[in-house]
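Visitor: I'm new to reading protein structures, and I'd like a close look at one part of this one. Could you show me how two helices pack against each other, and then walk me outward from there?

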Amino acid sequence: MAIYLDHNATTPMRPQAIAAMVEAMRFVGNASSVHGFGRAARARVDRARRQVAGLIGGEAANVIFTSGGTEANNLALRGGGRARVLVSAIEHDSVLSPIDSAKRIPVDARGIVDLAALERLLAMSREPAIVAVMLANNETGVIQPVAEVVRIARAHGALVACDAVQAAGKIAVDMAALGVDYLSLSAHKLGGPQGVGALVLRDGAPLCAVQTGGGQERGRRGGTENVAGVVGFGVAAEIAGHELGAFARLAELRDRVQAALQGARVLGADAPRLPNTLNVAMPGVPAQTQIMALDLAGIAISAGSACSSGKVKFSPVLHAMGVAEADAGSALRISFGWNSTEQDATRMIAAWMDVYRRLASPSPRMRGEGRGEGELGVAQGGRAPLDAAPHPNPLPAGGEREQQAA
Ligand SMILES: Cc1ncc(COP(=O)(O)O)c(C=O)c1O
């Protein structure tokens, strides 16, 4: 059976969340209707609100359900009402792209936001600002000093938005202790369904609705609530909160794989990291080639850099950390999840050793730099050559920028 080690892209749903969604879908009811059916739907949504708030130490009334982390980030930055926007250089695209004029806060070689640079950027103008710094990075897993960011931002009268999409459900998150004004969450990163997320506000944080309509979510996000989706989100959030201890133990699997990969350069290893995330560069072997070879071996992982038109492009995150192009181009992200096992780590190590032995040979063709005919297969006793077998999930041959699951 294939092994899934791409949990930062999306993680399997918790069976309890699936069961709760199926149950919720059996009922009719618009959460805005005043009759009994509507009130029952409202009760389900409000229960989910409490469960989500419970995971991050927020107030249920301040949870605004959205279509995911992307919308939550957009809502914070566009709805926060500040024209001056500062974002860390390692943010997800849904933070980097909404505001064209946003200034980038650099990070250091460990992948940690440069607090002195933040201070300098804030001091450059008296115009009220909003600062966006994520809690944990999706590519490296590096955890950011968000409470420090808030302390500096407050001294300059700035608001703080924190993308906690990758952190929530993986490490303890306490919104009050962090002190942020806005916190973004996504259900599918913590065992809930795709297409559901939330923006959680600090009490009294300003917000103008971006999506208007029927006045749902207390007028802060128009649109009929996705009752089954938020029910699944709520259940997954509650379970993830109870199982943070088990999740922390994924660091043992991560470290086993890390230790076994001799010759690999671990990116982000000098900083506090999520327990499940490993970003490693295997210089000399393009990430895309490794991913395809591992996919054929039944291991699903992703590139540490963004894929574009079938080529692995320099990751803005690794670029911001000053990682050399040769390393960045060969970087892989392995991310474990709530259902990962010892055996998964063992198979990952064995498969990678096998792939690396073959791909790290001196032949440029074997390194994926040409269309070698069968060399890889021959080396492995008749296994299908990489570019001869129809790939189950082929990378695009060209054209538009491919979107990498982040
Ligand atoms: C750090 C981070 N922020 C935001 C998002 C977007 O979340 P969603 O997929 O729910 O839109 C992702 C997911 O790829 C992410 O990794």
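Guide: Let's start with α1 and α8, whose crossing is right-handed. Keep in mind as we go that this is a predicted model. Helix α1 covers residues 15–25, helix α8 covers residues 227–242, and the two pack at an angle of about 155° with their axes 8 Å apart. Angles over 145 degrees count as roughly antiparallel, and α1 and α8 are therefore roughly antiparallel to each other. So who actually does the touching? On the α1 side you'll find Gln16, Ala17, Ala20, Met21, Ala24 and Met25, and on the α8 side Val227, Ala228, Val231, Gly232, Val235, Ala236 and Ile239. Sort the residues of this contact by class and you get 11 nonpolar, 2 polar and no charged ones.

Now that you know what to look for, try another pair. Helix α5 (residues 115–123) packs with helix α6 (residues 146–155) at about 20°, and their axes are 10 Å apart. An angle like that makes α5 roughly parallel to α6. This crossing is right-handed. Here Leu115, Leu118, Glu119 and Leu122 of α5 come up against Glu148, Val149, Ile152 and Ala153 of α6. The tally for the contact of α5 with α6 is 6 nonpolar, no polar and 2 charged residues.

Helix α6 has another neighbour to show you: it lies across strands β5 and β6, running at about 160° to β6. That takes us to the sheet. Seven strands, or rather 7 strands in an open sheet, line up in the order β2-β8-β7-β6-β5-β3-β4, and their pairing is mixed. Look at the two ends of that order: β2 (63–66) and β4 (103–105) stand at the edges with a single partner strand each, so one side of each has no neighbour in the sheet. On average, neighbouring strands here are turned by 20° against each other, if you ignore direction. For one pairing up close, take β3 (residues 84–88) and β5 (residues 129–132), which are joined in the parallel sense over 4 bridges. Within it, Leu86 sits opposite Val131 of β5. Helix α3 also packs on this sheet, where it touches β2, β3, β5, β6 (159–163), β7 (182–186) and β8 (197–201), and its direction makes about 165° with that of β7.

Stay with α3 for a moment, since it also takes part in the shell around the ligand. This helix (residues 69–79) gives the largest share of that shell, 3 residues. In total, 15 residues surround the ligand, and the closest are Gly68, Gly69, Thr70, Asn138 and Ser186. By class, the shell divides into 3 nonpolar residues, 11 polar and 1 charged.

There's another sheet to find further along the chain. This open sheet has 4 strands in the order β9-β10-β15-β12, with antiparallel pairing. Its edges are β9 (265–266) and β12 (302–303), each with a single partner strand, so one side of each is left without a neighbour in the sheet. In the middle of that order, β10 (residues 277–281) and β15 (residues 331–335) run antiparallel and are joined by 5 bridges. If you want a spot to zoom in on, Thr277 has Ser335 in β15 as its bridge partner.

One last helix pair, and you can use what you've practised. Helix α11 (residues 287–296) packs with helix α14 (residues 342–359) at an angle of about 130°, with the axes 10 Å apart. That angle makes α11 oblique to α14. The crossing of these two is right-handed. The residues that meet are Thr289, Gln290, Ala293 and Leu294 from α11, and Ala351, Trp352, Val355 and Leu359 from α14. Their contact comes out as 6 nonpolar, 2 polar and no charged residues.

Methods:
Residues numbered from 1 in each chain as written. Predicted model: local features only at pLDDT ≥ 70, side-chain atom pairs only at ≥ 80, totals over all residues. Pairing = 2+ DSSP bridges. Axes fitted to C-alpha atoms, helices over the stretch in contact; angles between N-to-C directions. Parallel < 35°, antiparallel > 145°, perpendicular 65-115°, else oblique. Left-handed = near helix turned anticlockwise from the far one by under 90°. Contact = placed C-beta atoms within 7 Å. Nonpolar A, V, L, I, M, F, W, Y, C, P; charged D, E, K, R; others polar. Near = placed C-beta within 6 Å.
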